[in-house]
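Please open the structure in your viewer and keep the sequence panel beside it. The stops below say what to select next and what is found there.

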Amino acid sequence: FFLKAERRQLTTTVRKMLGRFLSRTSTTGRQCRCHPPSSSTCARTSHRTSDATRWEERRRVRLVSTAMASSVNEGGASVSRRILSTDSPVVVQMKKLIAEGGGNDEVLSLAQGVVHWSPPSRAKQMALESLRGEEVHAYGACEGLPALREALKKKLLVENKLEGVDVMVTTGANQAFMNALLSVADSNDNVVLFVPYYFNHLMALQMTEGGPGVDLGPCDPQTMLPDLGWLERRMKEGGDIKAVVVVTPNNPSGVIIPRAMLVKMADLCEAANAWFIVDNTYENFVYEDTEVRPEFVSGPNVINIFSFSKAYGMMGWRMGYLSYCQSNRELSESLLKAQDTIPICPAQISQHMALGALEAGSEWVKERVKLLEGNRKKALDALSPLGDENITKSQGAIYLWAKLPRGLDDAKVVERLVNEFKVCIIPGSSCGSDGHIRVAYANLTEEECSEACARLKRGLTCILS
């Protein structure tokens with residue numbers, strides 16, 4: 001009885017809080033999100049992020065709402081508060097929006113970050129050949145096939161200039177990140193992400209009880225590079241930063257972090273006894289006008305993450321890997337615990353395909369990336385109604401990042417584009433930046449991309465008029 005009464009009281013209190021909050025924010029139509037305000041140097045527009053008091057109230061409402069959500073099913077089982085407090089996957093939301101807007105036959109997608117090509121012929125051949133034996137049906141080595149790991153070490157040495165590293169093969173780059181996160185951070189630690197961030201990185205932190213300990217750092221509004229001054233000041237405040245995470249070339253902005261900045265960040269982390277986690281998923285995606293090429297750093301506190309998904313068109317085969325200092329046995333053993341608990345081992349057939357992809361090599365990838373030049377230019381033109389000053393100078397990856405005019409809600413803009421103009425993109429709020437949008441230009445052939453970009457340009461022109 002007392003438990004039920006307490007739940008009813010909590011429900012009443014939260015409803016009152018939500019009512020007051022919604023009445024004050026009804027003009028914007030925004031949803032309550034668990035992201036702290038950034039400084040004026042953050043990618044967010046200042047009119048949406050300057051009020052720290054409002055953020056704190058929103059955060060409390062969300063936390064209490066989460067507690068209510070796990071309590072309202074009186075007498076029944078409830079799901080975990082960790083998952084309730086985790087952001088919903090935006091790609092799943094966009095697929096649902098596309099389905100409601102007419103499906104893939106009517107709506108063209110510039111949303112999900114995938115490529116339109118399939119894996120190399122040699123990769124497919126090796127996957128098929130692996131089926132002739134019986135080993136492919138059994139569990140493999142937890143850290144990955146020995147032959148694949150050796151091939152990856154050679155690739156890392158020759159192409160990435162990473163010496164003295166060990167390798168773990170994972171079921172995609174996201175699982176590599178989760179392995180690293182579970183191995184290095186506890187729920188009372190803080191992990192730094194820079195805004196705009198890759199949404200799955202935040203979700204991983206939220207669902208491992210790291211959400212309250214996520215520090216969202218700003219990027220320079222002009223270059224969209226991480227604010228090193230902020231990071232230095234933050235690390236001097238105390239020893240609670242356990243890891244700093246970056247993506248380069250960046251998802252969602254396409255910006256490439258210069259080597260000098262990567263080295264500086266790695267040094268700051270090492271001095272603070274923190275880990276530096278670098279996601280290099282888009283290492284192969286650079287273009288004709290790219291002035292800065294992707295660089296790579298290593299060290300006793302550095303974990304590098306890589307992927308086969310984008311470069312080799314192996315999205316559905318779920319192949320990624322991470323590298324780390326081979327002398328760090330404690331980290332190696334920790335990674336194995338996470339790996340053995342989640343997938344036990346990466347799929348054997350996928351690893352044979354990855355071996356074939358490495359045989360095709362980076363030159364095969366470069367030929368495909370060249371085909372994206374036309375898509376990229378069309379996507380830039382599609383964003384032109386926003387003005388050049390509002391489009392981030394993307395150096396790499398497969399994305400363009402742009403700022404909407406003041407007062408426009410990015411989620412509502414995306415909905416209108418799908419429903420009225422039959423083209424889908426990603427709202428920037430999913431990456432922590434309200435009032436921004438992300439356009440992915442690698443998932444369609446040049447002909448399809450031309451039509452999708454024409455729709456996007458018409459849509460933006462209409463919405464802005």
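In this tour a residue is called buried when its relative accessible area is under 20%, exposed when that value is over 50%, and partly exposed in between, with a 1.4 Å probe and protein chains only taken into account. What you see is a predicted model, in which local features need pLDDT of at least 70 and side-chain atom pairs count only at pLDDT 80 or more, while totals for chains, interfaces and linings use all residues. Residues are numbered from 1 along each chain as its sequence is written, and side-chain values use heavy atoms, with hydrogens and water left out.

Begin with the whole chain, where buried residues make up 54% of the 465 residues. Colour it by secondary structure to find 16 helices and twelve strands, which are DSSP runs numbered from the N terminus (helices H or I, at least four residues; strands E, at least two).

Next, select E143 and R149, which form a salt bridge with their closest N and O atoms 3.9 Å apart; the term stands for a side-chain nitrogen of Lys or Arg within 4 Å of a carboxyl oxygen of Asp or Glu. E143 is partly exposed at 26% relative accessibility, whereas R149 is buried at 14%.

Now add D166 and R329, another salt bridge, whose closest N and O atoms lie 3.4 Å apart. This pair links distant parts of the chain, since D166 belongs to strand β2 (residues 165-170) and R329 to helix α12 (residues 329-341), 163 residues apart. D166 is buried, with a relative accessible area of 9%, and R329 is partly exposed at 41%. With E150 and K153 selected too, you can view the network of salt bridges that links E143, R149, E150, K153, D166 and R329.

Move on to D189 and K242, where the salt bridge has its closest N and O atoms 3.6 Å apart. D189 sits in the loop between α8 (173-184) and β3 (190-194), and K242 in strand β5 (residues 241-247), 53 residues away. D189 is buried at 15% relative accessibility, while K242 is partly exposed at 23%.

Finally, select the open sheet of three strands, ordered β9-β12-β11 with antiparallel pairing; strands count as paired if DSSP finds at least two bridges between them. Because β9 (399-403) and β11 (426-427) each have a single partner strand, they stand at the edges, and one side of each is left without a neighbour in the sheet. Two bridges join β11 to β12 (residues 436-440), and P427 stands opposite I437 in β12.
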